[in-house]
Amino acid sequence: TLSPLPSGISPVRPVDEVLIVRPNPCDEFCSVDLPLGADALFLVDLTGKTLQNLSGHVTSAESLTLGVNVSAYPTGIYFVKAFVEGNWYTKKLIVR
């Protein structure tokens with residue numbers, strides 16, 4: 001049997017429960033849904049370079065939907081990264 005997690009350690013939740021990016025692929029704008037406990041949100045390219053820091057828009061609401069403008073970026077693959085409940089979650093975003 002599995003033992004319970006030590007006090008103060010949160011279990012890692014599946015990324016599809018924590019970070020929802022839609023539509024994906026997107027053309028100009030996409031929406032990112034985050035849960036309570038989100039501390040940071042970034043849009044990064046394939047090299048890991050931060051293109052947008054959306055952390056200032058993250059609040060302590062029960063859930064949050066943020067609009068992300070990707071119209072200035074060329075067609076390609078990007079990542080949305082969120083720091084939630086002490087864990088990093090990453091979701092692929094395709095810009096067409």
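**A tour of the fold**

Start with the whole surface: the protein exposes about 5,900 Å², and carbon and sulfur atoms supply 56% of it. Accessible areas here come from the Shrake-Rupley method with a 1.4 Å probe; for residues, only the protein chains shown count as cover.

This is a predicted model: local features need pLDDT of at least 70, side-chain atom pairs count only at pLDDT 80 or more, and totals for chains, interfaces and linings use all residues. Residues are numbered from 1 along each chain as its sequence is written, and side-chain values use heavy atoms, with hydrogens and water left out.

Switch to cartoon view. You will find one helix and seven strands. Both are DSSP runs numbered from the N terminus: helices are H or I, at least four residues, and strands are E, at least two. Read from the N terminus, the order is α-β-β-β-β-β-β-β.

Now select 20-22, 29-35 and 63-69. The first selection is strand 1 and the last is strand 5; residues 29-35 are strand 2. Together they form an open sheet in the order 1-2-5, with antiparallel pairing. Strands 1 and 5 are the edges, each pairing on one side only. Two strands pair if DSSP finds at least two bridges between them.

Zoom in on strands 2 and 5. Seven bridges join them. Pick Asp 33: its bridge partner in strand 5 is Thr 65.

Finish with the whole protein again. Of its 96 residues, 34% are buried, meaning under 20% relative accessible area with a 1.4 Å probe, protein chains only. Among contacts (heavy atoms within 4.5 Å) with a separation of 6 or more, 56% link residues 24 or more positions apart.

Notes
Buried means under 20% relative accessible area, exposed over 50%, partly exposed in between (1.4 Å probe, protein chains only).
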